[in-house]
Structures are given as C-alpha cells and as structure tokens.
Amino acid sequence: MKYVDEYRDPAAARVAVRRITELAAGGRDGTGAPYAFMEVCGGHTHTIYRHGIEQLLPETVELIHGPGCPVCVIPMGRVDDAISLAEQPGVIFTSFGDMMRVPGSTSSLLEAKARGADVRMVYSPLDALKIAVKNPDRRVIFFAVGFETTAPSTAVTLLRAREAGIMNFSVFSNHVTIVPPLKAILDSPDLRLDGFLGPGHVSTVVGNRPYDFVSQKYGKPLVTAGFEPLDILQSVVMLLQQFADGRCEVENQYNRVVRDEGNPIAMAILAKVFTLRPHFEWRGLGFIAQSALALNEDFAAWDAERLFDMPGVRVADPKACQCGEVLKGVIKPWECKVFGTACTPETPIGTCMVSSEGACAAYYTFGRLHKTAASLAVAPA
Amino acid sequence: MRTEEPPPTADGRQELVLERIETFRRRRPRLTDKVVTLAHGAGGKSSAALVDAVFLEAFRNEALESLGDGALLTLPSGEQLAFSTDSYVVRPRRFPGGSIGHLAVNGTVNDLAMCGARPTWLSAAFVIEEGFSVEELTAIVADMAEAAVAAGVTIVTGDTKVVDTGAADGLYINTAGVGVVPAGRRLAADRVIPGDAVLVSGTLADHGVAVMLARGDLDLEADVESDSAALGELVEILLAAAPDTRWLRDPTRGGVGTVCNELAAAAEVAVVLSESALPIRRPVGGACDMLGIDPLYVANEGKFLAVVPAEQAQAALAAMKAHPLGSDAAIIGRIAAEPERIVLLETSFGGSRIVDMLVGDPLPRIC
C-alpha cells in the first residue's frame, strides 16, 4: 500500500497548505473575498471531508461541492421507475448499494425489498449478468447509474450478454455525461466560482480535452484532480498558481492516471452500445440537453426501458429541497432550509443527503462542526 | 419559532444551524416505518427507534432501560449478576478464523465480560431449517463446545426447533448467559470524565472484512481472519492493571465508530480519536479502502474498547500487550469535555472530522 501512503503524507500536506496560504493571501484579486473552487466529483467531496481538508485550508480558499455524484443527480421519477421494475413478477433487480436508499416519491428500493421485491446489491454490472446466468427463469435488470466512469463497464457487460446470447438480462440506463452539467453550472446566472477541480475518474475515460471550453469560453481555470488528499491540495495549488501567473488553462494534476486523449478503447465501446438522449432530467438542475446515455437500437433487446412498462412520470422535487442550489454551489449544504432537521442521512429528502459522496451527507457526517470547536478539541492538551 | 434577525456573518449563521441540528439530534429517534427493514437490525438509529417504540414501550423496567450489553441484576443476598442474550445469523456459517458456533459462544461471553461480570453459564437454542446437514450441525456444535471450554463457561440448557424448508436460512443460534459481577466493580459511562484515555485491545475490522471476503461475491482475496475470541481473561488482566477502569464495550456490529458515539452521548463528552493510532492490519485496511468502507464501522468479535484514567493508561496497555489477545492493543484517543456528544477523528493527514453514527448497514448478517 505504499502507493496510497505517499499521497496521504502529513509532512507533504503541511508544505502544500503553506503554499496555498501564500498564494491565496489577500483573497481573490486582493479583495479579501475567498477563492471559490468547485470540486466536480463526489469522490473529491468524500476525500475532502474524510481527511478533514477544509480545516487545513486558509479562509481565503473555499471549496464548493459540485454535481459529480451519480446518485445525487438521479431525479425522483427515475427512482419510481426503478421501484416499479423491481416489483414486476419474476424480476431480480440489481443495483449499486448507494442507490438503494434513494427516496422516490413514495418509497425507496430498500423499502421495496422489505415489501418482498427481489432487490440485490451488486458491486459491478458483470455480477448482475452472473445472476442472470444462474437464474435463467428470472428476468434480471441492472440499474445503471454513473458518469463516463461506470458507463464502460455497463457497455462491456452488454457486449458480453449479446455475445453469450443471455436474453434474460437487461439494463435500465441512467448513465449521464459530465460536460453538459458543467456547462449548465457555468451558464447559471448565480454562478460564483473562480475555478474547478476537474473530475479525475471521468477524465481517465474522456481525457482532458473536453474541458477546454471551461477556460476558453468561460474564462475559468480547471485542474483535473486525483482522489487522495494530497491530490486535492496540489490541485488547489495549481489553480492558485494560474491566478498568480495570470494564466487561465486546463491542467492535469492526475497525470499518473489521466491522459489528455483519455481512453480511446473505452470511448469506442461506449459508442458501440449507447446513444445520446435528446434530453434528461437532472435532480436539482432540471432538463439538460444531450446529457445522458440510452442503449442504442443494436441493444434494444437488452434495454429495460423498451422491454418493461414503467410509469415514466416526472416527479417534482419536494418544495423544501434545495439540492439544485447545493449542486450548483449557490448555497452551502448547511444553508438549505431543511438541512439536518427534516433532511438527514436517515430520512433524506434530497439526494445530496443519501450518498456518502453527496455534498450534504458528507458535510453532515464528517464536517458538521464549527471550525473553532474542532480546533479546540484537537489542540494538543 | 426564532423571531430575532439571524446574525449577519456567515460563521454566526452556521453556528445557529449547527445548534439547531444538535438539538434535533438529541431527540430520541422516532419509528415512522410501516415494515421492518434491514436497517432496523443494523444497530444505528433505526434500530434504536424500533427498540424504543416497540420493545421498551412494552417491557419497560429499570434493568432493561439502561440498554447495555446485558442487564445487571441484584440478588437478595446482595450479589450482582449480569444477564445477556444474543442471536446469531451470520452468513456464511464458516469463515476464516471461526464459525457461527464460535461466535454464538464468544459473543454472549463478551457481552457479560463488558458488564464486568465473570461469565459462567450459557443457554443455547437452535432454529434449524428442514434439510440441514447433521454433519454440519455436529461440526458447529463442536465449535461451540470448544469455545465454551476456552472461555471457561458451561452450556447448561438449550432448545431445538425445526422449521419448514425456506422458513429459515439453514441455522440460527440464540445464546443467553449469566455471570457474577465481583463486589465493588462498576463499569459505566457516567464514570467517564475528560482527560481519560481510550484504549482498544487489538486490530480493528478483522471480523467484518473476513466474513465479507468469505462470501466470495467480491472476487477479492486477502489473508484476513475473524478475530472471534472470548475476552473474559483479558478484561480481568486489564482491571488488575488499571483498577479504576471506567467503562468497557466490545465494538461488534457498527464497529468502534458506533460504540464511541454511544459513549459520547451517554457520558456527554467528546471522544477524540487519532487516526494514525488506530491498529489496522494492512490487508484489512486495503480491502476497506477498495470497497469504500470505513474500518471504524466494521464489526469486531474479539476486541474491546476501554476508557481508563490517563495515569493508568500505560499500565493498562503494557498488561494487555503481554497477553496474546492484546498484543496489538493501543491507546487510540482521549476523552474531552467539548464538543459534547461528538466523536472527532484527528486524521493522519493533519485535519479533523466527525465520526458520526452509521446510517444503513454496508454489511448485513455478519454475526
């Protein structure tokens, strides 16, 4: 595990924090206002809270938690559709664990399971395919969620299903793509961001080039960041360095994994299996054009949306829920009206509170503590 | 309703929100569900709500209300007994380092030991699914006999029920146990005070990870064994070395994180843990990292947490380390006065974060 320890070294962290403090001194343009950087991925958010990074940063740097949690962006109507699929006779419904607690309009997959639906947690779509092979008399559906990071594994599974002629397997695709929501955030009139920590895992597939518009069209720097705590700090240094140098570019901190051109093989597999939907609803962000992937005609026989009837009804987000504003970085999780009282990880109203990568859940479970209180308790006795 | 204007600064407003949440969290959880889900068995808030609304409501009495690992009962002679029960439904029934038989004995023995009792007698009840192999049953019962000898307890009464195929998953075991608490011994959260040291008797998360890997649906292989063991002897060694030990608890379901939260709430203190001091075996830490599971929430079956006065901590540590079951013991944190009812982790990266109660169980049926 040497590989990971290097990226969690406290001495290196202190060096990076010193550099951040120097570079960000005086705040944005010397106004004293903090630099606001959005980390796009839920994985980043999780790392930031899990390692207590916010408490290490100076007051002149603020991290805003972005929309890159695949669980958090699934709208309620799609969860209702999933539950209705799970409750059809003869179906084994398979899902990643995180999706099982996400509330639909009346219940969750976990509750459907308690009512008798055969809902099983899997770690990979290939496990769902295995279940289909083992249960030839049942219809096995995989609830596919995720950005370009997880879409290739769904695609590979579908290619295998076709190759082996496994016809009792299908996919309910809710795969989404990263660039359209970034555009939506940048177009948002209440935008108050100075730069981005770009998505690391997605970029291993799509590469770094798709983000060029962020710096070129919108004038915001972006640094594609890894997921270990030192990756985050180093990426913040790189963003601040761009401001110090008067540059505005797309840079790659995660170059031990991410190539500029991405992974062409994975991209080719995606193209074989998926087609862009004309539009898709994002939780809190509304409908975004060409932002999601459906199975293409070649895979119609494995497409749960064509094989099964489901309500397909759009369900409005609960009025009190401000997930959209949290996802866009307009408000901090704690500024939401229902945060921590009506909406908690046990009784989530919004999706940001469900997944451990959601901004609200991460803040609630790891960071729900004022900076001064935290420093009081951990100060050496 | 609060009517005055909120403070103008963001810090002030955040402080208000955090206070509001803290007040909200102190309310006992309410049961709103219509059906029982796996979350009600996971040991977190849903479990607490179910116990409160259904069981406590019906059975309410003083011995039960402490909701400890076992009940403390006083005999007419003045002697104190600890009495505890637990059911075992682990899947798979056999895993590296033990079986459901070992767990069924050690789990109940440890619950008694955490009350400060010397475990003495056990009962054993079996719910068996029709069609279950007699050979496997014999092997599991032999494990129980072996564990009972090692723990110094006698299984003195029992029961057998057989149910139709499909009405149970193979075999479930319930055990109950009784032990005597030596005169003058009292281990309780209300004795815990700021400045005390928090110790753990060995490495974390071994049992939960061993069972998860043994299920085989992760395609992960690592050399990890369950830590299932009876802790009575090690507890006596600790209490001899640190006679003013305040409180003990075995971090089974829900792990160290959950148990520390229960302590912080019961003693109205902060528990401050140091990440770099947590003893975690490399393959266990690696498996947890890959699966995105926090080892602080993973079950142990042969470890305890102890809170001892700071001045007895080194003696306690040395005594535990001299015993094979305590060779990886460590001082992992301390008790602070503020922030009340919160568990904090100083991360090895140099930051700090909250360790909250677990919501939803990543690993059902591990014991």
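**Exercise 1. How far apart are the centres of domain 1 and domain 2 of chain B, and which elements of domain 1 face domain 2?**

Step 1. Start with the split: in this predicted model, chain B divides into domain 1 (61-181) and domain 2 (189-354).

Step 2. Take the centres over C-alpha atoms, and you get a separation of 23 Å between domain 1 and domain 2 of chain B.

Step 3. Now look at who does the touching. Domain 1 of chain B puts 21 residues into the contact, and domain 2 of chain B puts in 21 residues as well.

Step 4. On the domain 1 side, the elements giving two or more residues are α4 (100-114), β5 (118-129) and α5 (134-151) of chain B. The biggest giver is α4(B), with eight residues.

Step 5. Sort that side of domain 1 by chemistry, and it comes out as twelve nonpolar, seven polar and two charged residues.

**Exercise 2. Work out which strands pair with β10(B), and in which sense.**

Step 1. Find β10 of chain B at residues 270-274; four of its five residues are buried, so to speak of it as mostly covered is fair by the 20-neighbour cut-off within 10 Å.

Step 2. Check one partner: strand β12 (residues 330-336) of chain B pairs with β10(B) in the antiparallel sense, over four bridges. To get your bearings in that pairing, look for A270(B), whose bridge partner in β12(B) is A336(B).

Step 3. Check another partner: strand β13 (residues 343-346) of chain B runs parallel to β10(B), again with four bridges. Here the pair to look for is S274(B), which stands opposite E346(B).

Step 4. Put it together: β10(B) has an antiparallel pairing with β12(B) and a parallel one with β13(B).

**Exercise 3. Which residues of helix α12(A) are buried, and why do they line one face?**

Step 1. Go to α12 of chain A, residues 264-273, and pick out the buried residues: I269(A), L270(A) and V273(A).

Step 2. Look down the axis of α12(A). The buried residues all fall within an arc of 100°, so they line one face of the helix.

Step 3. Recall the helix geometry: with 3.6 residues a turn, residues three or four places apart point the same way.

Step 4. Turn to the other side of α12(A), where P264(A), A268(A) and A271(A) are exposed.

Step 5. Ask what sits over the buried residues of α12(A). The cover includes α7 (151-164), β10 (274-276) and β13 (293-295), which also belong to chain A.

**Exercise 4. What are the make-up, spans and radius of gyration of chain A and of chain B?**

Step 1. Count the elements. Chain A has 16 helices and 13 strands, while chain B has ten helices and 14 strands.

Step 2. Try the globule rule on chain B. Its radius of gyration is 21 Å, close to the 21 Å expected for 367 residues, so chain B is as compact as a globular protein of that length.

Step 3. Do likewise for chain A: a compact globule of 381 residues would come out near 21 Å, and chain A agrees, with 21 Å.

Step 4. Read the spans of the C-alpha traces along the principal axes: about 65 × 45 × 45 Å for chain A, and about 70 × 50 × 45 Å for chain B.

Step 5. Add burial: 54% of the residues in chain A are buried, against 46% in chain B.

Step 6. Finish with contacts between residues at least 6 apart in sequence. Those joining residues at least 24 apart make up 81% in chain B and 76% in chain A.

Technical notes. Residues numbered from 1 in each chain as written. Chains lettered and ligands numbered in written order. Predicted model: local features only at pLDDT ≥ 70, side-chain atom pairs only at ≥ 80, totals over all residues. Pairing = 2+ DSSP bridges. Buried ≥ 20, exposed ≤ 12 C-beta atoms within 10 Å, placed from the backbone. Arc of directions from axis to C-beta. Contact = placed C-beta atoms within 7 Å. Rg over C-alpha atoms; globule rule 2.2 N^0.38 Å. Domains from an automatic or database assignment. Nonpolar A, V, L, I, M, F, W, Y, C, P; charged D, E, K, R; others polar.
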